[in-house]
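Me: I am new to this structure and would like a careful look at its interior. Please take me through it in one connected answer.

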Amino acid sequence: MDVRPSPPAPRPWRGLAPAKRDEQRRRRLLDAALELFGNQGFARTTVAGVCSEANVATRSFYELFGSREELLLALYEEIITELAEGMTLAMAEHSGDLRHWVRAGVAAVIQPLTADERKGRVAELEVIGVSPPLERRRREVVRAFAAMIDQEIDRAMAAGLLDPFDKGMLSLVMSGGVTEALIDHLQTPKRRRRPVPELVDAITAVWLRALAPR
């Protein structure tokens, strides 16, 4: 039997347990990344800049994230999770009417990324072309949203909102189309943009024509 004494538990730092301290530092770094990546861009943001914005030591940064790219990926995953959960809930709440169901799904993606354009720029612009692994993840996300749309279309067919049809690549085109519409919106000067409700309505009309052309 091993009778050696157990190693001492990590000491709290300023009243915080190490795990709680790291959780708070991670949150501050993610918030700082959103502010800097979303405003000045990933390419123009340094680790030192993120640490200064977050009031976190550089050494602590590398204890939590291996690189600037890893921080960007973590922020991207957080935004995408928010969108996916919001889309699923919104479409479930409006499942009795085809137009309301479609508009709810579109709005659940468009509104968070335009209400806080930092999120929109991170999710739709800053992740593009950073590295092959991040580009692969971005493509996986587009396909994952397409799969979610496929599931929602199947539910709508089962509920009688849509006549059965062969979906083919429709969901992938719908998912990619929203991405391109958001990029176009974010890159258009604000004085020339259409209001967000009009953007949601325009995308909704396109989806409805694709889903129920008759």
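How many residues does the largest nonpolar core have, and which of them have the most contacts inside it?

Reply: This is a predicted model, in which local features need pLDDT of at least 70 and side-chain atom pairs count only at pLDDT 80 or more, while totals for chains, interfaces and linings use all residues. Residues are numbered from 1 along each chain as its sequence is written, and side-chain values use heavy atoms, with hydrogens and water left out.

The largest nonpolar core (buried Ala, Val, Leu, Ile, Met, Phe, Trp, Tyr and Cys residues joined through side-chain atoms within 4.5 Å) has 59 residues, and those with the most contacts inside it are Phe37, Leu71, Met87, Trp101, Phe145 and Trp207. Two or more residues of this core come from each of the helices α1, α2 (47-54), α4, α5, α6, α7, α8 and α9, with α4 giving the most, 12 residues. Helices here are DSSP runs (H or I, at least four residues) numbered from the N terminus.

Met87 shows how such a core residue is surrounded: leaving aside neighbours within four places in sequence, Met87 is in contact (heavy atoms within 4.5 Å) with Gly105, Ala108, Val109, Phe145, Met148, Ile149 and Trp207. The C-alpha atom of Met87 also lies 8.1 Å from that of Ala107, although 20 residues separate the two along the chain. Ala107 belongs to helix α5 and has a relative accessible area of 9%, so it is buried, a term that means under 20% relative accessible area with a 1.4 Å probe and protein chains only. Beyond its neighbours within four places in sequence, Ala107 is in contact with Pro112 and Val200.

Phe145, named above for its contacts in the core, is also one of the residues nearest the centre of the largest cavity, together with Val109, Glu124, Ser175 and Thr179. A cavity is a set of points, on a 1 Å grid over the protein atoms alone, where a 1.4 Å probe fits but cannot get out, and its lining residues have an atom within 4 Å of a point. Grid points are joined across faces, edges and corners, and the volume is the space filled by probe spheres set on the points. By this rule there is one cavity of 30 Å³ or more, and about 230 Å³ of space lies in the largest cavity.

The lining of this largest cavity consists of 19 residues, to which α4 (68-93), α5 (98-115), α6 (117-126), α7 (132-158) and α8 each supply at least two. The largest share, five residues, comes from α7. By class, the lining has 14 nonpolar, three polar and two charged residues, where Ala, Val, Leu, Ile, Met, Phe, Trp, Tyr, Cys and Pro count as nonpolar, Asp, Glu, Lys and Arg as charged, and the others, Gly among them, as polar.

Two of these contributing helices deserve a further word. In α6, seven of its 10 residues are buried, and the helix is described as mostly covered; Glu117, Lys119, Gly120, Val122, Ala123, Glu124 and Leu125 are the buried ones. These buried residues of α6 pack against α1 (18-39), α4, α5 and α8. Within α8 (170-187) lies Ser171, which counts as buried because its relative accessibility is 2%. Apart from its neighbours within four places in sequence, Ser171 is in contact with Ala146, Ile149, Asp150 and Ile153.

Definitions and conventions. Buried < 20%, exposed > 50% of the residue type's maximum accessible area, 1.4 Å probe, protein only. 1 Å grid on protein atoms, 1.4 Å probe; cavity = no way out; pocket = protein on both sides within 12 Å on 5 of 7 lines; lining within 4 Å.
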